[in-house]
Amino acid sequence: MSWKIQSMEDYAVAYQKSKKNPNDFWADIAKTFTWKREWDSVLSGSIENTDVKWFDGAELNITENCLDRHLKERGDKVALLFEANDPNEAARTYTYKELHETVCKTANMIKDLGIKKGDRVCLYMSMVPELLISVLACARIGAVHSVVFGGFSAEALAGRIEDCECKLLITNDAGFRGAKTIPLKNISDEALEKPGSKCIEKVLVHKRVGENVSMKEGRDIWWHDVYDAASSDCVAEVMQAEDPLFILYTSGSTGKPKGILHSTAGYMVWAAYTFANVFQVEENDTYWCTADIGWITGHTYITYGPLLNGATTTMFEGVPTYPDAGRFWEIVEKHSISHLYTAPTAIRALMAHGKEIVESKNLKSLKVLGSVGEPINEEAWNWYNEVVGKKNCPIVDSWWQTETGGILISPLAGITETKPCYATLPLPGVFPVLMDTEGNEVPFGKGEGNLCIKTPWPGMTRGIWGDMDRFKQTYFSAYPGYYFTGDGCKRDEDSFYRITGRVDDVLNVSGHRIGTAEVEDAIGQHRDVIEAAIVGFDHDIKGQGIYAYVITNRLGDESIKAEILAAVTKHIGAIAKPDKIQLVPGLPKTRSGKIMRRILRKIAAHEFSNFGDTSTLLDPSIVDKIKEGVL
């Protein structure tokens, strides 16, 4: 690929071209893909008017670029590697030819159920190959896929089905996840009893576990009863560049989840470009992103990005600690994984089990390590670098969002100099700015502020499904003419960017802006601290005080509080010392591992009513336990 960056000199040239001649820059990249009709314009519209279009007038189908165009040269190459929850179950592989055939059969099966271009299809499945296959099958026929993570409740599933008026639900009888079996069909049945779910006409059920489940006559169909009869010849639907590709729901701090909409052509180009350049995957590498396809990471960096580049992508059904904490490392060794892309939450969880279990495995195949989902703390970064990567694997600490479609700021593996906790530099085509509290750009150079993006990039969301007013209010009202990410950010003397956390997670203590991630990182330096979460609370003198919720190996030992204060003073300064430290048995986390800080803020303020939507919490009971010990 002529557009793959191979040095910092290449990066500088690409970045400048993307700034001075964005139309030419993106046209050159787009021309390397398969189009049924080329575009009338590369970029039209503006962030200011929220009417951005990429490659408008073009016609294509993204699955032809993921599958068909690889068949001649890579037909027998493994496209998808599946590792089951049970380590004793044999791994499954699909070559590009096999994946193409399976996607076509599944697409025809879905069409036979009455689904046509523009219809929405909800996928509520465990991490089995049929989930990825169903995603591509929907795209093949022009149906809009909306994947709901298989850990969500019936109520959450119903709300998402209702919001985008899905006609078809695809699910499993049940799903394996660690030592648990998730009753997906039963949860689906409960969701479909709710009035808003009446839009569902058919339910396609894939048998994974072998559970006895109820099947409603006329509505529910077993996958295996109709799959074999489906034709393996499926002509790809012609899609307009701006036609919807998928809707993916993301929680807002208030209100119902937002259905983030991504269109076809711009997302395709961005997914392919960012995957190739950030990870630097080579032809014979085996890449593994540990995310779930229920999240944007699984869309872009398990499914579309790798397949657009003709790579081998890996799916894992289970969890990092089942049947023991060596599972990740066993998979790396077993399949000679070259690229591992995972979350700080997983890294910290595995850190707690010590380095011996890592060192007992052969991880010499690893070339690149990646971090995604939240700012990684320095202790976890160093452990990842030293214990897992043996200081031989560059760490790509990537920053992006559901709304951005793909990575915006990240080191390029083996090319960009890395620095713990820094996402480093923006990709070509991404022009970040830091905004001060008055709405002015912070002059370029060292500084900090609210992170905004100045110009459109191909992968950006096209809106919130069915609610453009909310879209404009959420992302474009705070700083008119800019996309507001909602994150705070620091830029150092090397122009490297460090995400400090959500803006509402940046505290103003005695006039000093203190990022919660920084304080959490400092507390995490203490050897007996497992995890910490920081929120602000009203303080008579400081304006905002700092409230720390801390999980330690010494729960109940109040003497550790003084040691934590000393650690914060050492790593940041006395100004950042928490005013209150509550030792807690756990934190309120979503199933994707993110801490629901709005609950912690309410508890710190002794506001114990109206916690909002807690359906996404992994363990809702932890909220009551924290309330009982509030200071």
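How much space lies in the largest cavity? About 100 Å³. The model on display is a predicted one, and the tour below begins at this enclosed space before moving to other parts of the chain.

**First stop: the cavities**

Select Met125, Ser126, Met127, Phe149, Gly150, Gly151, Phe176, Arg177, Ile182, Leu184, Asp292 and Glu317; these residues line the largest cavity. Colouring the selection by class gives 6 nonpolar, 3 polar and 3 charged residues.

The structure has 4 cavities of 30 Å³ or more. For the second largest, which has a volume of about 50 Å³, select Asn61, Ile62, Ala139, Gly142, Ala143, Met239, Pro244, Leu245 and Thr264. Its lining contains 6 nonpolar and 3 polar residues, with no charged residue.

**Second stop: a pocket**

Turn next to the second largest pocket, with a volume of about 470 Å³. To find its centre, select Tyr15, Lys19, Phe431, Pro432 and Phe444, which are the closest to that point among the 26 lining residues. Helices α1 (8–20) and α2 (22–30) and strand β21 (432–435) each give two or more residues to the lining. The largest share comes from α1, with 4 residues. By class, this pocket is lined by 17 nonpolar, 4 polar and 5 charged residues.

**Third stop: the nonpolar core**

In soluble globular proteins, nonpolar side chains tend to be buried together. Here the largest nonpolar core has 124 residues. Select Trp26, Trp35, Phe55, Leu99, Phe279 and Tyr304 to see the members with the most contacts inside this core. Then select residues 265–279, helix α10, which supplies the largest share of the core with 12 residues.

Centre the view on Trp35. Apart from neighbours within four places in sequence, Trp35 is in contact with Ala30, Phe55, Ala58, Glu59, Leu60, Ala265, Met268 and Val269.

**Fourth stop: the aromatic residues**

Trp35 also belongs to an aromatic cluster, together with Trp3, Phe25, Trp26, Phe33, Trp39, Trp54, Phe55, Trp270 and Tyr273. Select these ten names together before looking at individual rings.

The structure holds 40 aromatic pairs. One of them, formed by Trp3 and Tyr273, is tilted, with 5.5 Å centre to centre and 40 degrees between the planes. This pair joins distant parts of the chain, since Trp3 is in the segment before α1 and Tyr273 is in helix α10, 270 residues apart. Trp3 and Tyr273 are both buried.

**Fifth stop: Asn277**

Remain in helix α10 and select Asn277. Is Asn277 buried or exposed? Asn277 counts as buried because its relative accessibility is 1%, and the cut-off for a buried residue is under 20%. Leaving aside neighbours within four places in sequence, the contacts of Asn277 are Trp3, Lys4, Ile5, Leu412 and Ala413. Trp3 therefore appears here again, having been met in the tilted pair with Tyr273.

For a sense of scale, display the C-alpha atoms of Asn277 and Tyr483: they are separated by 24 Å, and the two residues are 206 apart along the chain.

**Last stop: helix α16**

Finally, select residues 468–476, helix α16, in which Arg470, Phe471, Tyr475 and Phe476 are buried. Which elements do the buried residues of α16 pack against? Adding β15 (258–263), β23 (463–464) and β24 (483–491) to the selection shows the partners of these residues.

Definitions and conventions: Residues are numbered from 1 along each chain as its sequence is written. This is a predicted model: local features need pLDDT of at least 70, side-chain atom pairs count only at pLDDT 80 or more; totals for chains, interfaces and linings use all residues. Side-chain values use heavy atoms; hydrogens and water are left out. On a 1 Å grid over the protein atoms alone, a cavity is a set of points where a 1.4 Å probe fits but cannot get out, and a pocket is an open set with protein on both sides within 12 Å along at least five of seven lines; lining residues have an atom within 4 Å of a point. Grid points are joined across faces, edges and corners, and a volume is the space filled by probe spheres set on the points. Ala, Val, Leu, Ile, Met, Phe, Trp, Tyr, Cys and Pro count as nonpolar, Asp, Glu, Lys and Arg as charged, and the others, Gly among them, as polar. A nonpolar core is a set of buried Ala, Val, Leu, Ile, Met, Phe, Trp, Tyr and Cys residues joined through side-chain atoms within 4.5 Å. Buried means under 20% relative accessible area, exposed over 50%, partly exposed in between (1.4 Å probe, protein chains only). Contact means heavy atoms within 4.5 Å. Rings of Phe, Tyr and Trp (its six-membered ring) pair if their centres lie within 6.5 Å; planes under 30 degrees apart count as stacked, over 60 as edge-to-face and the rest as tilted.
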